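Subject: Structure handover

Hello,

Here is the structure I said I would pass on. Please look it over before reading the notes underneath.

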Amino acid sequence: MESCLSNIQRSAGSARVEIVVVDGNRDSTLREVARRFGAAYVHEARSGMGVARNAGIRAATARIVAFTDDDCEVESKWTLKIIEKFSGDHELAVVGGLDLTPNGSSFFQTSIGLLDDLRGAPKQGPDLARRILNCNVAYVKRAVVACGGYDETFEICEDQELHLRLFKMGYKFCFNSQIIVYHKRRGSPSEFLRRVFWYGYWSSRVFQKHPRLFARTTGILPPTALAAFLLGAAFAFSAGFYAPLVLTILAALAYEVVWGLKIALLRPNSWRSLPVAMLALPIRNIAMALGFLAGMFRYIVTFPKARL
C-alpha cells in the first residue's frame, strides 16, 4: 500500500489531488499509512469490491474519481495524463488504460502476463466499455452517481457491469494506452485457474443483466467456442460425422498460432515464456468458459424459482 500511495503522489506532480484509501480490514491497519500520505481514510466493514469503490466515490469531493488497486504501481505521470485527457474532452465520462505485468515478476507471472499485456487496445462500442478495468480507470463522478454506482451484489466483474450500464446510458468512453498501471499477476497455476473460472462465472451475471450488449463483446467468445466444441463432439460421436469437430479443433489451433506469432513478434525476448503462455491460453479460455456456463446453468435452474 505504501508503494502504491507513493507512486500516486509522484504521478500527480504539482497538481492538486485528493487520495482516498478504503480499508476493508477489521483492524483498520491502514489508517496510519493513509495519514502519513495525507490521504483520506474510509473504513468499510462490508466486503466486496463494489462496496469499497462506492464508499470511495461517496468520500471523494473532486469532479473526477480515478481507481487503482493496492497491488498496482501507477506509471510516473498517471494522474497528470488522466487530468489532461478529461481536460481535453468535456464530453468524456470514462477513461481507461493498460494494465501491464511489473518488472520483477516470477517466471509464471511473466508468462501468463503476456496474454494480458498483448491484448492491445479494445475496439469501440460495448467491447471498449467491458475491457476497461477497475485497476486503471477514471470517471466523471456525476456520471457514476447518476447511474447508481457499482452493483454491490457482484463479487468480481462489477466493473464490466457498471461500464455496460454507463454505455447503455450514452456516456462517452476513451481508452488511452499511455495511461498505464503495473498490476501483479496470480502467483500460482491454482490461483490463476480459480480466478479465471470465477471471472467467467461472474461474466455470465453481466450477460444476464445486459445480454444484447455483452453478446457484442469478445467476452462471449470462450463460452460460445466451448459450447460449439461440445456440441460438435456430441454430434460427431452420435452421427459418425466428424467435420464440425475437426473444424472446431482447427479453429482453436489457428487461434493458438496467431497468439504465438503475436508474442514472438511483439516480445521477441520473451521466447522462454512462450511455451507456458501458449499452454495457459487454451486452459484460461476453457476455465473461463466453464465458469460462464456454470453461471448460466445456475441462472437457468434458479430463474423459475425466482419468478414464483
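The notes below cover salt bridges, strand pairing, one helix, two cavities and a pocket. Please keep in mind throughout that this is a predicted model.

Salt bridges

The structure holds 16 salt bridges. Side chains of opposite charge can pair when their charged atoms come close. I describe a few of the pairs here.

E44 and R46 form a salt bridge through their side chains, with an N to O distance of 3.2 Å. E44 is buried, at a relative accessible area of 11%. R46 has a relative accessibility of 44% and counts as partly exposed, because the buried class ends at 20% and the exposed class begins over 50%.

R53 and D69 make another salt bridge, at 2.7 Å from N to O. This pair links distant parts of the chain, 16 residues apart: R53 belongs to helix 3 (residues 49–59), and D69 to the loop between strand 3 (64–67) and strand 4 (72–74). R53 counts as buried, with a relative accessibility of 5%. D69 also counts as buried, at 17%.

The side chains of D99 and R185 meet in a salt bridge as well, with 3.0 Å between N and O. D99 lies in strand 5 (residues 92–100) and R185 in the loop between strand 7 (172–183) and helix 9 (189–209), so the bridge ties together parts that are 86 residues apart in sequence. Both residues of this pair, D99 and R185, are buried. The pair also belongs to a network: salt bridges with shared partners join D99, D116, D117, R185, R267 and R284.

Strand pairing

Strand 7 pairs with strand 5 and with strand 4. Strand 5 and strand 7 run parallel and are joined by seven bridges. Within that pairing, L92 stands opposite K172 of strand 7. Strand 4 and strand 7 run antiparallel, with three bridges between them. V74 has V181 in strand 7 as its bridge partner.

Helix 3

The buried residues in helix 3 are G50, V51, R53, N54, A55, G56 and I57. R53 is thus on this list and is also the partner of D69 in the salt bridge described above. The elements that cover the buried residues of helix 3 include strand 1 (20–23), strand 2 (40–43), strand 3, helix 7 (141–146) and helix 8 (158–168).

Cavities

How many cavities of 30 Å³ or more are there? The count comes to two.

The largest cavity holds about 90 Å³ of space. Its lining consists of G97, L98, D99, L100, D116, R119, G120, P122, R131, I132, L133 and F175. Strand 5 gives the most to this lining, with four residues. By class, the lining of the largest cavity has six nonpolar, two polar and four charged residues. D99 and D116 are among the lining residues, and both are members of the salt-bridge network.

The second largest cavity has about 40 Å³ of space. R130, Y199, G200, S203, F214, G219, P222, P223, M288 and F292 line the second largest cavity. Helix 9, helix 11 (221–239) and helix 13 (274–307) are the elements that give two or more residues to this lining. The largest share comes from helix 9, with three residues. Six of the residues lining the second largest cavity are nonpolar, three are polar and one is charged.

The second largest pocket

I also looked at the second largest pocket, where about 170 Å³ of space lies. The residues lining this pocket are L100, T101, P102, N103, G104, S105, T110, L114, D117, Y182, R267 and S270. Which helix gives the most to the lining? It is helix 5 (residues 107–117), with three residues. The lining of this pocket divides into four nonpolar, six polar and two charged residues.

Two points connect the pocket to the features above. L100 lines the second largest pocket and also lines the largest cavity. D117 and R267 are among the pocket-lining residues, and both belong to the salt-bridge network that includes D99 and R185.

Regards

Conventions: Residues are numbered from 1 along each chain as its sequence is written. This is a predicted model: local features need pLDDT of at least 70, side-chain atom pairs count only at pLDDT 80 or more; totals for chains, interfaces and linings use all residues. Side-chain values use heavy atoms; hydrogens and water are left out. On a 1 Å grid over the protein atoms alone, a cavity is a set of points where a 1.4 Å probe fits but cannot get out, and a pocket is an open set with protein on both sides within 12 Å along at least five of seven lines; lining residues have an atom within 4 Å of a point. Grid points are joined across faces, edges and corners, and a volume is the space filled by probe spheres set on the points. Ala, Val, Leu, Ile, Met, Phe, Trp, Tyr, Cys and Pro count as nonpolar, Asp, Glu, Lys and Arg as charged, and the others, Gly among them, as polar. A salt bridge is a side-chain nitrogen of Lys or Arg within 4 Å of a carboxyl oxygen of Asp or Glu. Buried means under 20% relative accessible area, exposed over 50%, partly exposed in between (1.4 Å probe, protein chains only). Two strands pair if DSSP finds at least two bridges between them. Contact means heavy atoms within 4.5 Å.
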